[in-house]
Each structure stands twice: as C-alpha cells, then as structure tokens.
Amino acid sequence: MSNRGKFSGRVGFILAATGSAIGLSNIWRFPYLAGQNGGAVFLIIYLACVFLFCFPVMVGEIAIGRAAGTDAYGAYTKLGGKKWGLLGIFGVISGIFILSYYNVVAGWAFGYFVELTFGPLLQESDFGSFFSSFVNDINSNFFYSLGFLFLTALAVVRGIQKGIETANKILMPSLFVILIGLILYSLTLPNAKEGIRFYLVPDFSEIKLQTVFDALRLAFFTLSLGIGGLITYGSYVQKSENIIYSASVVTWADTIVAFLAGLMVFPLVFSAGQSPAEGPALVFMVMPEIFQQMGPTIGKIVGASFFLLLCFAALPSCISLLELPVAYFVDQKKYPRKYVVWILSLVIFLLGLPSLASFGAIPALNKLWFYKQRDFLTLVADITDITLTIGGCLMCIFISYRWKLHNMNAELAIGNESFRGSLMQKYIDFTIRWACPLLLGVLSVLIIIDKFWGFNF
Ligand code: PHE
C-alpha cells in the first residue's frame, strides 16, 4: 500500500483535480449549452448548481478516497462492505466507457489542431461538410485518437508524482495562458460587446425546466463527480491537507475556466455574425469559419491556439479517467502499473472504435434503430451521463446511511480543525443527506425518460 504514491502536496492535488475537472465540457459543451439556453440565464443557474449541490458531493467523494486510501472499489468495500464495493466497480466501468468516447472527441480536437496548423483546413469553403467528411475519415481519426490515448497513457504510466502531477503542472498553466490570450484578442473585435451582452445580461423569459436540468447535468460532468475519479485522486492526498479548501479551489478554477471560455467564444461568434445557438457544431463548424474570416495568418495563429487549448483541456481529463481503472487493478489485483496502463489503454481504444466509426464509416452505427436514429457515440455519452448522476446519488446515500456523516466529518476535520460544528459542516451534511440524493435521483430518472422517450419539459 505504501508505494502506491502520493501527490507531493496541496498544489499537486489541486492541479490534478482541476485538470480532471476542466475538459471538453468547459470549452465545448458549456459555451454551446449557454448559447442555446439564453446565455446569462444559463450561466446563473449553472453557478447555482455548481456551488449549491456539486461542491458538497465533491467534498464527500474526496473524503471517501482519503479516508480509505485506496481505489474506488477498495474504498467502498473498506468503508461499507463488499456489497457497496459494487458501486466502485460501477464507477470503474463508467470511467472506462467515458474515456472510450471522450478520447474520440479529443482526437478530433487534436486532428483539427494538426490539420489547421499544417494543412489547408482554413481554405475550406464549407466547414459543415468538412466536419462530416473529417469524422467520417476513419483512417486519420484512428491515428488521432490513438495518439491522444498514447499521450494519456504516457503520463499515467509514470505514476502519481512523476506522471500525473508533472503533466498537469505543465498543461494547466499553459491552458490559462492560451485562454487569456484568446480572450484579450476576441475582446478587441468589432461587435464583441454584443457577444458580452448576450452572455452577461440575463433574459429570464428563457428559463425552462430543461435549462435547469441541462445545467445540473453539465455541472456534475464538468466537476468529474459520481464515478469515483475523485475517490481515486483523493486516495493520494496527504492527511495534512484541508479537503474543503482544496475542493473549493478546484470548483472555482473549473467554473472560472468555463466562464472564461464563454467570454472568449461569444465575442468571436457575434463579431463574425454567427448564431450562438449552433449546438454541438459550435466548436468544429462555426469556430473554423470565424478563424477563416480573420485572414490566413491571424486565423492560423488564433485557430491553432484554440484547438491546442481544447487538447490541453482534454488531456488531464483523460488522464484522470484512465487512472480510475488503473488504480483498481494496481491496488486490488496487485498487477504492475506498467502493464495495467498499456493493456487497459488498448482495451479502451478498442472499445472506442465503434464510437469512432459511428459517423459514416459504419452506417448502422450512425443511425441506431433502437436509439431514435442517433449515433453510437451519443448513445455511450448519454448512458454514461446517467451513470454519473446515479453514481453520485448512491454515493450520497452511502455516506449518509452506511459510512455515516460523522465519519465523513471526522475525515474532513483532519487538516481543518475549525470544520467541526461550522456552518459549512451543517450545509454539507444537509446537502449530502437530503438535497443531493433527491435531486440526483430525480435528475437520473428524467434524463432516462428524456433520452429514451423524448419527453421534453
Ligand atoms: N470533467 C471532464 C470535462 O469537463 C470530464 C470528466 C468526467 C473527467 C468524469 C473525468 C471524469 O470534460
């Protein structure tokens, strides 16, 4: 147990957990959902979900990890018995499936970066059809996603401090620098003000129940909650650390990056006269068009920085998704990390192939007859979205009724003497016992109804 590794200290853990949190969802999903849901209103609801409901879940998850000092399965088993261990297995399997499709999308970002920087991508005349043929080109994407997973494995195989921590120490500051650079540039563009107004001045007539659920789902996904990823990272946290403090820094950093991504995207979109409500196409179809309008040189620099930013955001998330099952096999089965990382990466890559081929290469996977003619990648993404919220709901039930709140609080008080009896403690107890299980339970059921029966609220 002693040689499983630890983060070197507070900064190491915070950077790794922030890296896991910041990902494609901040730069890609957040701006397009905000664009579709009235901008500022979405932002407000999202912030409420993050701080009111997701923050306590994050604290609980890290506390389980540090108290048990082992992988997700081992942690639930140690603190709650063999049956609860199944919840850990559920998380490990979810992590494997999330990574299988997430890596495909990360591969697209990587491919766009390569083709924009070294190829004629910006000379295209129709980015919609470019995207369709790009995702259809299974040969290139095979290598882009293999390359991305290889980089992920390379970091994970080197262990907690040398690999995961070092990668995050390089990637996270670089990500901030690129993001700030892009924002400064986009604010200088004509019509930037329009974009800012759309993003920051709320129009409450836009609120629908759907907006609230979209925001909660996104908040949960973006903070990497519910599948034991943070139990795993939490198990490498030293006892002297203050979990509440670390979790708040991670939550803030993730939220700030999502907020800044909007601040970068909307001025660009409005100054190019595009619609902010383009949905998932925003990043891969609308943004290249905007870069094209900037002219060949500036367009190339800004465009390449943008897709590099996406890659830098996705890589640490992939790293944490891989570490989750790796820790299980290393801690439970005592297999050497080196073999586990490479074999698991290969398995995950193979599992991702149907997602990779679901945009035309294999027509049956593009329009699934049993899933309302949607594609395979969307199916995996939707199912794993549900496993996240179900996992989070069951985790709260685990803490309240099996492990018990007083044990969680005892763990949280280590490294944070003033926690006992504080308002923060009461708040976390209340949300974990009542608010989160209820809300996440309802949300899981609603997502299932919405996805499989198309109920629109
Ligand atoms: N939080 C990551 C993102 O925002 C995705 C992720 C989910 C990573 C679950 C790890 C675990 O894109």
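## Ligand site, cavities and pockets

With three residues, α14 (296-333) gives the most to the lining of the largest cavity. That cavity is also the space taken by the ligand. This is a predicted model, in which local features need pLDDT of at least 70, side-chain atom pairs count only at pLDDT 80 or more, and totals for chains, interfaces and linings use all residues. Residues are numbered from 1 along each chain as its sequence is written, and side-chain values use heavy atoms, with hydrogens and water left out.

**The ligand and its shell**

- The ligand is surrounded by 14 residues (each with a heavy atom within 4 Å of it), and the closest are Ser20, Ala21, Ser25, Tyr102 and Thr222.
- Polar backbone atoms of two residues come up here: one of Ser20 is 3.0 Å from a nitrogen atom of the ligand, and one of Thr222 is 3.0 Å from a nitrogen atom of the ligand.
- Ser224 takes part through its side chain, with a polar atom 3.0 Å from a nitrogen atom of the ligand.
- On its own the ligand has 330 Å² of accessible area, and the protein covers 99% of this (Shrake-Rupley method, 1.4 Å probe).
- Two or more residues of the shell come from each of α1 (10-21), α2 (24-36), α10 (209-222) and α14; helices here are DSSP runs of H or I with at least four residues, numbered from the N terminus.
- Sorted by class, the shell has six nonpolar, eight polar and no charged residues; Ala, Val, Leu, Ile, Met, Phe, Trp, Tyr, Cys and Pro count as nonpolar, Asp, Glu, Lys and Arg as charged, and the others, Gly among them, as polar.

**The largest cavity**

- The structure holds four cavities of 30 Å³ or more; on a 1 Å grid over the protein atoms alone, a cavity is a set of points where a 1.4 Å probe fits but cannot get out, and lining residues have an atom within 4 Å of a point.
- The largest cavity contains about 190 Å³ of space, a volume being the space filled by probe spheres set on grid points joined across faces, edges and corners.
- Its lining has 17 residues, and Ser20, Phe221, Ser224, Ser320 and Leu321 lie nearest the centre.
- α1, α5 (82-118), α10, α11 (229-234) and α14 give two or more residues each to this lining.
- Nine nonpolar, eight polar and no charged residues make up the lining of the largest cavity.

**The pockets**

- The largest pocket has a volume of about 970 Å³; a pocket is an open set of grid points with protein on both sides within 12 Å along at least five of seven lines.
- Of its 34 lining residues, Tyr32, Pro280, Thr378, Asp382 and Lys451 are the closest to the centre.
- α2 gives the most to the lining of the largest pocket, with seven residues, and α13 (281-293), α17 (376-413) and α18 (423-453) are among the elements that each supply at least two.
- The lining of the largest pocket has 18 nonpolar, seven polar and nine charged residues.
- The second largest pocket holds about 280 Å³ of space, and the closest of its 15 lining residues to the centre are Leu151, Ala155, Ala167, Leu171 and Leu315.
- Elements that each supply at least two residues to the lining of the second largest pocket are α5, α7 (138-157), α8 (160-187) and α14, and the lining divides into 12 nonpolar, one polar and two charged residues.

How values were computed. A polar contact is a pair of N or O atoms within 3.5 Å; within protein, one must be able to donate a hydrogen and the other to accept it, and residues adjacent in sequence count only if both atoms are side-chain atoms. A molecule sits in a cavity or pocket if more than half of its atoms lie within 2 Å of its grid points.
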